[in-house]
Structures are given as structure tokens and as C-alpha cells.
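This report looks at the surface, the core, selected helices and some unusual backbone positions. The structure is shown below.

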Amino acid sequence: LDRVSSIAAKYIGRPISQLPPVQPVHLSSLDIRMASFDGYGVGAGPSLDLDLLPGSSSSMPNLPFQPVVISDMDKSLMSDIAANAMEELLRLLQTNEPLWIKSTNDGKDVLNLESYERIFPKPNNTHFKSPNIRVEASRDSGVVIMNGLALVDMFMDSTKWVELFPTIVSIAKTIEVISPGMLGTHSGSLQLMYEELQVLSPLVPTREFYTLRYCQQIEQGLWAIVNVSYDLPQFASQCRSHRLPSGCLIQDMPNGYSKVTWLEHVEIEDKTPIHRLYRDLVHSGSAFGAERWLTTLQRMCERFACLMVSSTSTRDLGGVIPSPEGKRSMMKLAQRMVNSFCRSVGTSNSHRSTTLSGSNEVGVRVTVHKSSDPGQPNGIVLSAATTFWLPVSPQNVFSFFKDERTRPQWDVLSNGNAVQEVAHIANGSHPGNCISVLRAFNTSHNNMLILQESCIDSSGSLVVYCPVDLPAINVAMSGEDPSYIPLLPSGFTITPDGHLEQGDGASTSSSTGHGRSSGGSLITVAFQILVSSLPSAKLNLDSVTTVNNLI
């Protein structure tokens with residue numbers, strides 16, 4: 001109350017106590033709708049203007065990727081920095097000892113910082129000297145089902161970059177193209193970019209980078225792309241993250257695939273301690289490391305390959321999806337659903353949010369926005385998310401949420417009734433990577449189906465779903481443009497907890513020596529609901545109780 005009163009006083013220009021008494025008025029309840037699924041009524045109560053939420057747009061700084069004026073001297077300096085970063089990247093990617101040593105715990109590559117600082121001295125660099133600075137460095141390689149030039153094209157386009165990594169990249173914008181590079185190969189292309197990276201949990205702060213991204217074709221069928229931080233004066237104070245030369249080497253293979261070697265190397269200033277649930281995962285480098293980038297790339301490229309295949313198996317069609325066009329339309333709809341879910345879960349600085357006390361120590365993070373996008377219902381949309389830990393393996397948690405036989409145990413959309421899969425589209429080699437259309441029996445909403453996409457790789461898994469009415473599903477299945485079908489997704493993210501297991505089976509973050517994953521899971525549950533279809537509506541405070549009850 002004190003906070004709201006002080007904000008109101010600031011807007012009105014005089015203290016609340018000086019305001020004339022307000023006559024009590026009856027406020028009708030706002031109907032809370034979970035997408036197109038009705039049934040969660042909210043009682044009458046006082047309302048709260050959206051602009052008074054802590055972190056509202058009135059107190060947010062302008063989004064940081066505004067156009068800037070870059071002088072020729074700046075461009076020359078950027079070119080030099082990019083060229084030096086490329087040289088460092090190639091040495092780091094192509095050299096093993098003494099720069100890299102194998103971890104005795106998991107066999108992964110670990111950067112030898114003493115050797116690194118000796119080989120790449122940075123006399124003007126003060127990043128290593130602060131006690132709050134942590135260095136994360138990781139390297140990984142693998143085969144990707146996409147040719148090199150197609151990968152390069154996606155990496156050098158900020159819009160495609162976000163679509164390729166929706167679970168990692170919350171925002172990416174090209175601020176300035178310093179050099180367009182060679183037409184057709186992108187070789188020599190240099191861009192100044194803003195990027196915000198996320199872990200899909202309200203407990204992990206996002207990381208902001210202003211980077212130079214530079215592409216160079218080393219030889220026929222071999223490309224290197226480097227990212228390195230570039231701090232313009234107007235950006236310097238905003239960033240707590242500094243990217244040392246990072247990136248990837250992309251080698252074409254004869255079968256149309258690519259071998260990709262990935263490097264992540266950053267300095268992070270933790271202004272506030274990482275929440276204990278994620279401390280091991282973040283401090284080990286796994287949360288934002290090379291393995292997560294590479295496994296996500298491999299999974300997404302499998303998905304693109306499935307999208308491009310015109311033939312569909314009998315099980316995919318199931319007699320429900322009539323054509324390859326219908327399959328592609330359904331896959332695009334599901335991808336938009338996943339992208340929307342990922343944007344709603346993270347702690348992006350573009351969101352205004354507040355944290356409510358919840359049933360656990362974490363609480364529930366709530367964001368509110370006025371939606372006018374064609375792919376969302378018009379009105380006031382509320383997103384809520386919270387994270388908890390379970391002593392159950394990530395694979396078992398994923399299987400529980402994905403299995404339609406166990407769905408009545410947790411999904412309010414099924415209302416405790418049996419659920420049947422009526423359509424199935426595989427979008428990867430792992431059977432868990434698929435799109436499903438589900439129908440709940442014996443509900444009062446016979447025209448409602450559930451669209452769901454699940455995906456899994458070594459870094460974690462997702463189960464994202466959304467109620468969609470039957471006419472809208474028919475539009476997508478017939479192959480028509482699904483862009484205007486309104487979606488408000490809910491779902492779960494499941495991540496290994498990053499702990500090591502001692503001999504007695506206890507999980508601890510202070511394990512030393514040889515260890516293995518404890519098998520525990522970090523689970524984030526999140527949903528979006530349409531609070532009101534009126535953009536001018538006030539957010540009823542009683543909806544806070546409803547949010548907590550739904551979580």
C-alpha cells in the first residue's frame with residue numbers, strides 16, 4: 001500500500017492524504033480466461049492500474065537497441081577488434097593443450113586460464129581483477145543436419161537467430177551493419193548487435209551483450225563466426241556481461257550436414273547472488289555454455305528438416321491432417337506457441353514484472369501486458385511463472401508431463417477426464433520431439449482441442465501446450481496461414497539440477513572430485529491467461545489469488 005500510495009502521489013502531484021474521500025463503488029469481477037478455456041471466475045475487489053506494477057514501463061529505461069551514430073573511426077576500430085577476435089577464436093577452437101584440458105568429472109573441455117592469459121595477454125583489460133567477476137568458458141562440437149551456408153545465413157540474421165534459439169535468445173537486434181560482406185557467402189560481414197540471453201526460469205537474470213558479429217569464409221565449405229563485446233559509451237553502464245571472443249567453426253560435410261565446433265567465453269559480474277536452486281548449473285557454465293547452444297542447434301535443425309520433408313508418415317497424418325501443407329502449417333503454429341511461451345517465462349528487461357509470495361520460497365513472478373498482436377487475444381494478458389526442485393530425474397519428469405495417460409493428474413484443461421492424442425507429428429529423431437493434438441473427453445468444451453509441442457535434448461526439455469478451438473485447428477490442418485490463430489500457451493521447462501552425487505546419494509553443490517549427476521530436476525511451470533478482453537480494464541487484485549491457485 002505504501003508503494004502504490006507513493007507512486008500515486010508522484011503521478012498526481014500531492015500526497016494521498018490530501019485527496020478527497022472516495023465513495024465506495026461496486027466493481028464487477030473480471031472473468032479470468034485461460035486462453036479460450038473459460039471457467040475461472042474472479043470475485044469482486046479493488047483494482048490496480050497496470051502502470052502501477054513495480055517495473056512498469058513508466059520506470060523502465062528505453063529498450064537498449066536504439067539506433068546509434070557510428071563514426072568512421074568507430075567502424076575502423078570495430079574492424080580491428082573483429083579481426084583480432086577472429087584470430088583468437090580460431091586458435092581456441094583448433095588448439096587443445098595447453099589451452100584446454102579435460103575435466104576429470106565429466107570429460108568436458110576446460111579452459112586453462114593461466115595458459116590463456118599468457119597466450120592472449122590483455123594489458124588494458126580490468127575485467128579479471130574484480131572479485132565479483134566470474135569467467136565461464138566451454139567448448140563442444142557435433143554434427144548438425146543443415147549445410148554450412150544455410151547455418152551462416154541464419155546466424156547472420158538477427159530475426160532468424162531468435163527463431164533458431166527461442167529457448168536461449170530472448171531478444172536479438174542488429175543495431176548497425178558495419179560491413180555487408182560478400183553477397184551469397186556473408187564472408188567479411190560485420191554487424192553491431194544487441195542480444196539478451198535467458199534461462200527459462202524467473203530465478204535466473206538475463207544476460208545482455210552488445211557484440212560485434214563477424215563472419216569469415218576460411219576456405220571453400222569452411223566458415224567461422226565470432227562474437228565479441230563492444231562497449232559504446234552509452235551502453236557501457238548497462239551491461240553486466242562481457243563476451244570474450246566466442247563463436248563457432250562450421251565445416252561442410254559431403255552428405256549435406258555440417259560439423260560445428262562451438263565456443264562460449266564470457267566474464268559475468270554477479271551483482272546479486274544466483275539463487276541457490278540454479279547456482280551449480282550457472283557457475284558450472286552449463287546454463288549458458290557451448291553444450292546447450294550446440295544441442296539446441298542440433299534439435300532445431302532436425303525440426304527444420306522435418307518441416308521441409310513433403311512426405312508424412314501414416315501416424316503423422318492419422319487421417320486427421322490431410323496434406324503436407326497442413327503438416328507445415330501445424331508445425332509453424334506450434335513453433336509460434338513455443339516462442340510465445342519462452343518469451344513469457346524469462347526475466348527479460350523488456351517485461352514489466354512483480355513477484356508474488358507463493359506456496360514456496362521462490363514465489364510467483366507475474367508480468368502483465370496489453371496485447372494487440374494478431375497472434376494473441378486482444379486485451380490484458382497476465383503471465384505467471386515459478387520454479388521448484390524435485391528429486392526425480394529430468395527424463396521421468398518429462399515422460400510424466402508428456403504422457404496423455406497421466407495428464408488428468410495435473411492438467412486443469414482436462415478437468416480430470418481422460419485425454420486422447422488425435423494427431424501426431426514427429427519433428428526429430430528422439431520420440432519425445434513431437435507435436436500432438438489432444439482431445440479431452442467429457443468436458444463442457446467439446447469444440448476445444450489442446451495443441452502441444454514437446455522437445456528434449458541433453459540440456460533439458462520442454463512441454464508447451466495451448467487450448468485451441470476446433471475451427472482454428474481446422475484452419476491450420478488445411479494448410480492455411482495460422483498466423484492469426486490466437487494463442488496463450490502454458491507449459492513446463494525441465495532442467496537437470498547440476499548437482500553432483502556423493503556416495504550416500506545426497507545432493508550437494510560443494511561436491512569435489514569425481515561425481516555424477518544426482519538426477520534431480522529444476523521445473524518451471526508457467527502460463528498465460530486473458531484477464532480481460534477490454535484493453536482499458538484494470539487488473540483485479542483478487543486475480544492474484546487465482547494465479548497462485550492455478551500455479
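Which residues make a nonpolar surface patch of about 210 Å²? In this predicted model, the patch is formed by V143, I145 and Y257. Of these, V143 belongs to strand β6, which covers residues 133-144, and V143 counts as partly exposed because its relative accessibility is 40%, a value that lies between the 20% limit for buried residues and the 50% limit for exposed ones.

**Nonpolar cores**

Turning inward, the largest nonpolar core comprises 42 residues, and within it F155, F165, W262, Y278 and L297 have the most contacts. Helix α8, residues 290-308, supplies the largest share of this core, namely six residues. Apart from this core lies another, of 33 residues, which includes A82, M86, Y230 and L244.

The surroundings of F155 can be described in detail: when neighbours within four places in sequence are left aside, F155 is in contact with W161, L164, F165, R213, I225, C248, I250, W262 and L297. Three of the residues named for the most contacts inside the largest core, F165, W262 and L297, are thus also in contact with F155.

**Helices α2 and α7**

Helix α2 runs through residues 72-94, and its 23 residues reach 33 Å from the first C-alpha to the last, close to the 33 Å expected at 1.5 Å a residue. Its buried residues are M78, A82, A85, M86, E88, L89, L90, L92 and L93, and of these A82 and M86 are also among the members of the core of 33 residues. An α-helix has 3.6 residues a turn, so residues three or four places apart point the same way.

In helix α7, residues 276-283, the buried positions are L277, Y278, D280, L281 and V282, and Y278 is also one of the residues with the most contacts inside the largest core. Just after α7, G285 takes a positive phi of about 90 degrees.

**Backbone positions in loops**

Two residues other than glycine have a positive phi, as the table sets out.

| Residue | Phi | Location |
|---|---|---|
| H186 | about 65 degrees | loop between β7 (169-179) and β8 (190-197) |
| N415 | near 55 degrees | loop between α11 (394-402) and β17 (419-426) |

N415 is classed as exposed because its relative accessible area is 57%, and the cut-off for that class is over 50%. A cis peptide bond, with omega near 5 degrees, links E97 to P98, and P98 is found in the loop between α2 and β4 (100-102).

**Pairs separated in sequence**

P486 is found in the loop between α12 (470-477) and β21 (490-496), and P486 is partly exposed because its relative accessible area is 42%. Although P486 and A472 are 14 residues apart in sequence, their C-alpha atoms are 8.8 Å apart in space. With neighbours within four places in sequence left aside, P486 is in contact with G375, Q376 and P377.

E269 lies in strand β13, residues 258-269, and E269 is partly exposed because its relative accessible area is 28%. The C-alpha atoms of E269 and S241 are separated by 6.4 Å, whereas the two residues are 28 residues apart along the chain. Not counting residues up to four places away in sequence, E269 touches N132, I133 and R240.

Note on methods: Residues are numbered from 1 along each chain as its sequence is written. This is a predicted model: local features need pLDDT of at least 70, side-chain atom pairs count only at pLDDT 80 or more; totals for chains, interfaces and linings use all residues. Side-chain values use heavy atoms; hydrogens and water are left out. Helices (H or I, at least four residues) and strands (E, at least two) are DSSP runs, numbered from the N terminus. The expected span of a helix is 1.5 Å times one less than its number of residues. Buried means under 20% relative accessible area, exposed over 50%, partly exposed in between (1.4 Å probe, protein chains only). Contact means heavy atoms within 4.5 Å. Patches are made of residues with over 30% relative accessible area and no salt bridge: like charges are joined within 9 Å, nonpolar side chains (Val, Leu, Ile, Met, Phe, Trp, Tyr) within 5 Å. Accessible areas come from the Shrake-Rupley method with a 1.4 Å probe; for residues, only the protein chains shown count as cover. A salt bridge is a side-chain nitrogen of Lys or Arg within 4 Å of a carboxyl oxygen of Asp or Glu. A nonpolar core is a set of buried Ala, Val, Leu, Ile, Met, Phe, Trp, Tyr and Cys residues joined through side-chain atoms within 4.5 Å.
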